[in-house]
Amino acid sequence: MMLINDLSYLDNAPEEELILGAASAYIEANASAQGSNSLAVTDTDLAHKALRNGGSKVKGTGIALAIGDDPIADVYYDLQGFDKVKVKTRSIQGENFDLEIVKIKAIDRPNK
């Protein structure tokens, strides 16, 4: 058991505090295929750039490719708190392959 005697240096925090300008982004790629001659490849790239005006910009790409029996290729993304979002998705499926490419661009403008 830990006993803390002096907490006088801590300040009380309000229960609700507004936080401005928060934004988050992620991109994830998954691929799977079965069989002796199967291939599953994924690649993701997500770049964040802080802008001079206090905002931020995000660019990202996710690629998933599956070749073989029962191919599955998916790209997932999430963009929270951005003011402007542009997403391009391309999906191609065949008898023994599945390809998905997702490109995202997002801008978070500063709140003034």
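1. Let's start with one residue, valine 75. Setting aside residues within four places in sequence, valine 75 is in contact with Ile27, Glu28, Ala29, Gly62, Ile63, Ala64, Glu100 and Val102. Try finding these partners in the structure above; please keep in mind that this is a predicted model.

2. Now for the overall plan. Which secondary structure does the protein chain contain? There are zero helices and four strands. Following the sequence from start to end, you meet the pattern β-β-β-β.

3. How are the strands arranged side by side? They make an open sheet in the order S1-S2-S4-S3, with antiparallel pairing. At the edges are strand S1 (24–50) and strand S3 (84–93), each of which pairs on one side only. On average, neighbouring strands of this sheet are turned by 5° against each other, if direction is ignored.

4. Take the pairing of S1 with S2 next. How many bridges join S1 to S2? There are 22, and the two strands run antiparallel. One place to look is glutamate 28, which stands opposite tyrosine 76 in S2. The hairpin of S1 and S2 has five residues between the strands, and there glycine 54 takes a positive phi near 100°.

5. Threonine 42 gives a close-up of strand S1, where this residue is found. Not counting residues up to four places away in sequence, threonine 42 touches Ala29, Asn30, Ala31, Ile63 and Ala64. Threonine 42 and alanine 64 are 22 residues apart along the chain, with their C-alpha atoms separated by 4.5 Å. Is threonine 42 buried, partly exposed or exposed? Because its relative accessibility is 40%, threonine 42 counts as partly exposed.

6. Alanine 33 also has its place in strand S1. Its contacts, leaving out neighbours within four places in sequence, are Ser38, Leu39, Ala66, Ile67, Gly68, Asp69, Asp70 and Pro71. Alanine 33 has a relative accessible area of 22%, so it is partly exposed; the cut-off for buried is under 20%. Aspartate 98 is 65 residues away from alanine 33 along the chain, and the C-alpha atoms of the two are separated by 9.2 Å.

7. Two more residues are worth a visit: lysine 49 in strand S1 and serine 56 in strand S2. Apart from neighbours within four places in sequence, lysine 49 is in contact with Ser56 and Lys57. The C-alpha atoms of lysine 49 and isoleucine 107 are separated by 9.7 Å, although their positions lie 58 residues apart in the count along the chain. Serine 56, on the same basis of leaving out residues up to four places away, touches His48, Lys49, Ala50, Leu51, Phe82, Ala106, Ile107 and Asp108. Serine 56 is buried because its relative accessible area is 10%, below the 20% cut-off.

8. Moving across the sheet, strand S2 (residues 56–80) pairs with strand S4 (residues 97–108) in the antiparallel sense over twelve bridges. Which residue in S4 is the bridge partner of lysine 57? The partner is isoleucine 107.

9. The remaining pairing is that of S3 and S4. These strands run antiparallel and are joined by ten bridges. They form a hairpin with three residues between them. Here valine 85 has alanine 106 in S4 as its bridge partner.

10. A general point helps when you look at side chains. In a regular strand, they alternate between the two faces of the sheet.

11. What makes up the largest nonpolar core? Its twelve residues are Ile27, Ala29, Val58, Ala64, Ala66, Ala73, Val75, Leu79, Phe82, Val102, Ile104 and Ala106. S1, S2 and S4 each supply at least two residues of this core. The largest share, six residues, comes from S2. You have met one of the members already: valine 75, where this note began.

12. Finally, some totals for the protein chain. Of its 112 residues, 19% count as buried. The protein chain exposes about 8800 Å², of which carbon and sulfur atoms supply 47%. Among contacts with a separation of 6 or more, residues 24 or more positions apart account for 63%.

Notes:
Residues are numbered from 1 along each chain as its sequence is written. This is a predicted model: local features need pLDDT of at least 70, side-chain atom pairs count only at pLDDT 80 or more; totals for chains, interfaces and linings use all residues. Side-chain values use heavy atoms; hydrogens and water are left out. Two strands pair if DSSP finds at least two bridges between them. Axes are lines fitted to C-alpha atoms, for helices over the stretch in contact, and angles run from 0 to 180 degrees between N-to-C directions. Buried means under 20% relative accessible area, exposed over 50%, partly exposed in between (1.4 Å probe, protein chains only). Contact means heavy atoms within 4.5 Å. Accessible areas come from the Shrake-Rupley method with a 1.4 Å probe; for residues, only the protein chains shown count as cover. A nonpolar core is a set of buried Ala, Val, Leu, Ile, Met, Phe, Trp, Tyr and Cys residues joined through side-chain atoms within 4.5 Å.
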